[in-house]
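The following exercises concern the packing and pairing of secondary structure. Each task is followed by a worked solution.

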Amino acid sequence: MCNFTLSKRTKNVNEMENRSLVTIADHSKEKILYMIEMAKQFEKHPNSKLLEGKVVATLFFEPSTRTRLSFETAANRLGARVIGFSDPKATSSSKGETLKDTIKMVSNYADIIVMRHYLEGAARYASEVTNIPIVNAGDGSNQHPSQTMLDLYSIYKTQGTLENLNIFLVGDLKYGRTVHSLLMAMRHFNPTFHFIAPDELKMPEEYKIYCREQGINYVEHTDFTEEIIADADILYMTRVQRERFTDLMEYERVKNVYILRNKMLDQTRPNLCILHPLPRVNEIAYDVDENPKAYYFQQAQNGVYAREAILCDVLGITLDQVKEILS
Ligand code: CP
């Protein structure tokens, strides 16, 4: 445990450029590897006083278990204090206060805002109306960059590399912000993607265009069978998100379209790692949990370390400073 006084080492956040994390697309390959290295440091030494005296605000306009609690755990482990809300109905937004006013108010109280919002682009907008860093904790169906950092950390830990992997994305590829963010981040690492989705939930055209522009190989499937997943390195399952459907009949038609069962894993690669951003509903049978290839609970735990790295990075604390303080 260290007694690092942040204000002696970094500029006041108001003097810094805005270091918000709005989309993972802003991160270069070098920055992603740097953040993985920082997460590794925090996995070895989760507790410090790196953020002592800082206040982290968690503003969740949509439900969350993992993202909010792991950000709050990360902040607590770094010695920061946490304010915020998980129920927007209990805030003045229910009286008609705008997002802009809410962000400007909270900026008077906190050094970082971690925000989840149901509107795509809300995090970008928030970052434009304040000088303090905004961390996008999910904006509608758009992006979930902190999830992507923990996904990348999990992939790196289990595969020993991010390069040249066969990554199978399964389920709701239309509304799934985690798969959209992961796809963008992996552009640096020569992946081959397999998109497995029913027609109603196919990967949106804009992301397929992105793949073609970036030279990312992808194959689309509608079947989810043992044969199709036989050469997967990463099997990334997703939930069909009821809350994103305007037509609930359509949700009923597709909600149980793919279920991963333990017997489907018999012929898969030994290095296969099964990820899921969670929560799960029916898409992974419970018998998979005991399979050594199931990694989704460890993946969620990795969220604390990845988010400690994010909180430090947006405040301008460098990897060298982290290493020095934690050593
Ligand atoms: N993975 C994820 O975003 O989970 P929560 O919705 O529980 O935060």
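**Exercise 1: The five-stranded sheet**

Leu 169 stands opposite Tyr 236 in β8. The model is a predicted one, in which local features need pLDDT of at least 70, side-chain atom pairs count only at pLDDT 80 or more, and totals for chains, interfaces and linings use all residues. Residues are numbered from 1 along each chain as its sequence is written, and side-chain values use heavy atoms, with hydrogens and water left out.

Task: determine which order the strands of this open sheet have, and which strands form its edges.

Solution.
1. Strands are DSSP runs (E, at least two residues), as helices are (H or I, at least four), numbered from the N terminus. Two strands pair if DSSP finds at least two bridges between them.
2. Strand β5 (residues 166-170) and strand β8 (residues 234-237) run parallel and are joined by four bridges.
3. The five strands follow the order β7-β6-β5-β8-β9, with parallel pairing.
4. The edges are β7 (217-221) and β9 (273-275), each of which pairs on one side only.
5. From one strand to the next, the twist averages 20°.

**Exercise 2: The four-stranded sheet**

Task: establish the strand order of the second open sheet and identify the helix α3 contacts with it.

Solution.
1. The order is β2-β1-β3-β4, and the pairing is parallel.
2. At the edges lie β2 (81-85) and β4 (134-139), which each pair on one side only.
3. Five bridges connect β1 (residues 55-60) with β2 in the parallel sense; Val 56 has Val 82 in β2 as its bridge partner.
4. Helix α3 (residues 66-77) packs on this sheet and touches β1, β2, β3 (112-117) and β4, where contact means heavy atoms within 4.5 Å. The direction of α3 makes about 175° with that of β1; angles run from 0 to 180 degrees between N-to-C directions, and axes are lines fitted to C-alpha atoms, for helices over the stretch in contact.

**Exercise 3: A helix pair**

Task: describe how the axes of α2 and α6 cross, and which residues meet.

Solution.
1. The axes of α2 (residues 29-44) and α6 (residues 145-159) come within 10 Å and cross at roughly 80°.
2. Helix α2 is therefore roughly perpendicular to α6, a class that covers 65 to 115 degrees.
3. From α2, Ile 32, Met 35, Ile 36, Ala 39, Lys 40 and Glu 43 meet Met 149, Leu 152, Tyr 153, Tyr 156 and Lys 157 of α6.

Key
Parallel < 35°, antiparallel > 145°, perpendicular 65-115°, else oblique.
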